[in-house]
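Reader: I am new to reading protein models, and I would like some help. Could we go through one together, feature by feature?

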Amino acid sequence: MELRALMASQNFKRIPLKKLATGHYKISAVINKVPGDFIIDTGASSTCVAFASSTYFNISHEVSLVKAAGAGASGMDTHISKNNTLLIRDRNFKNFTLIIFDLTHVNNALMEVQEPPIHGIFGADLLKKCRAVIDYGRNCMYIK
């Protein structure tokens, strides 16, 4: 059975993804009723929004003691935001927690390859919650 048919039979929703010049996949979603663009990062433990985008998404946040680390940066200050809504296609997540931190290094890397900036990163917490399956061969993702 083909993956698409299998996922459809299990009531997963197919979402086309845009492959960026960096090799990342970009997805559009809505946070707190405001649309935005995000990259999918299976290596990121948490879903994050850039400090620069927190006002855009009407996100209230408070300082967190946790430091963020990732490719190209470490020891970055973070804030935490609770009770957000997140909508991917028709899949709605309520009371969703986001990590807020500086994504300037990510957006600078995107600009170097003529890609537009993103508002945030979808990490493993969200991917696990929606039981995401990424089809790298067909540039799409299935969520439940």
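Author: Gladly! Keep in mind that this is a predicted model. Let us start inside: the largest nonpolar core has 25 residues, and Ile 27, Leu 86 and Ile 88 have the most contacts within it.

Reader: Which elements give two or more residues to this core?

Author: Those elements are β3, β4, β7, β8, α4 (residues 124–129) and β11 (residues 140–143).

Reader: Which residues is Leu 86 in contact with, leaving aside its neighbours within four places in sequence?

Author: Leu 86 is in contact with Ala 29, Val 30 and Ile 31, with Arg 91, Asn 92, Phe 93 and Phe 96, and also with Phe 122 and Leu 126. Apart from the core of 25 residues there is another core, made of twelve residues, including Leu 20, Ile 39, Phe 101 and Ile 118.

Reader: How do I read a pair of aromatic rings?

Author: The general idea is that two numbers describe such a pair: the distance of the centres and the angle of the planes. In this model the count comes to five aromatic pairs.

Reader: Which residues do ring pairs link into a cluster?

Author: The cluster consists of Phe 38, Tyr 56, Phe 57 and Phe 122. You have met one of them already: Phe 122 is among the contacts of Leu 86.

Reader: Now for charged side chains. How many salt bridges does a search of the whole structure find?

Author: The search finds two. To recognise one, look for a side-chain nitrogen of Lys or Arg within 4 Å of a carboxyl oxygen of Asp or Glu. Lys 13 and Asp 90 form such a bridge, at 3.9 Å from N to O.

Reader: Where do Lys 13 and Asp 90 lie?

Author: Lys 13 belongs to strand β1 (residues 13–16), while Asp 90 sits in the loop between β7 (73–88) and β8 (91–101), so the bridge ties together parts that are 77 residues apart in sequence. Lys 13 is partly exposed, at 41% relative accessible area, and Asp 90 is exposed, at 53%.

Reader: What about Lys 18 and Glu 115?

Author: Their side chains meet in a salt bridge as well, at 3.7 Å from N to O. This pair links distant parts of the chain, 97 residues apart: Lys 18 is in strand β2 (residues 18–19), and Glu 115 is in the loop between α3 (104–112) and β9 (120–122).

Reader: Is Glu 115 buried or exposed?

Author: Glu 115 is buried, with a relative accessible area of 12%, whereas Lys 18 counts as partly exposed at 43%. Not counting residues up to four places away in sequence, Glu 115 touches Lys 18, Leu 20, Ala 21 and Leu 110. A polar atom of the Glu 115 side chain also lies 2.8 Å from the backbone nitrogen of Ala 21.

Reader: And what is a disulfide?

Author: It is a covalent bond between the sulfur atoms of two cysteines. Here the count comes to zero disulfides.

Reader: Why is there no bond between Cys 130 and Cys 140?

Author: The cysteine sulfur closest to that of Cys 140 is in Cys 130, and it is 13 Å away, which is too far for a bond. Cys 130 is buried, with a relative accessible area of 1%, and Cys 140 is buried too, at 0%.

Reader: How should I read the backbone angle phi?

Author: As a starting point, most residues other than glycine have a negative phi. Asn 58 has a positive phi, near 55°. Asn 58 lies in the loop between α2 (51–54) and β6 (62–70) and is exposed, with a relative accessible area of 57%.

Reader: Where is Asn 95 found?

Author: Asn 95 is in strand β8. Its phi is positive, at about 55°, although Asn 95 is not a glycine. Asn 95 counts as exposed, at 56% relative accessibility.

Reader: Could we finish with one more residue, Lys 33? Where is it found?

Author: Lys 33 is in the loop between β3 (25–31) and β4 (34–40). Lys 33 is exposed, with a relative accessible area of 78%. From C-alpha to C-alpha, Lys 33 and Leu 98 are 15 Å apart in space, and they are 65 residues apart in sequence.

How values were computed
Residues are numbered from 1 along each chain as its sequence is written. This is a predicted model: local features need pLDDT of at least 70, side-chain atom pairs count only at pLDDT 80 or more; totals for chains, interfaces and linings use all residues. Side-chain values use heavy atoms; hydrogens and water are left out. Helices (H or I, at least four residues) and strands (E, at least two) are DSSP runs, numbered from the N terminus. Buried means under 20% relative accessible area, exposed over 50%, partly exposed in between (1.4 Å probe, protein chains only). Rings of Phe, Tyr and Trp (its six-membered ring) pair if their centres lie within 6.5 Å; planes under 30 degrees apart count as stacked, over 60 as edge-to-face and the rest as tilted. A disulfide is a pair of cysteine sulfur atoms within 2.5 Å. A nonpolar core is a set of buried Ala, Val, Leu, Ile, Met, Phe, Trp, Tyr and Cys residues joined through side-chain atoms within 4.5 Å. Contact means heavy atoms within 4.5 Å. A polar contact is a pair of N or O atoms within 3.5 Å; within protein, one must be able to donate a hydrogen and the other to accept it, and residues adjacent in sequence count only if both atoms are side-chain atoms.
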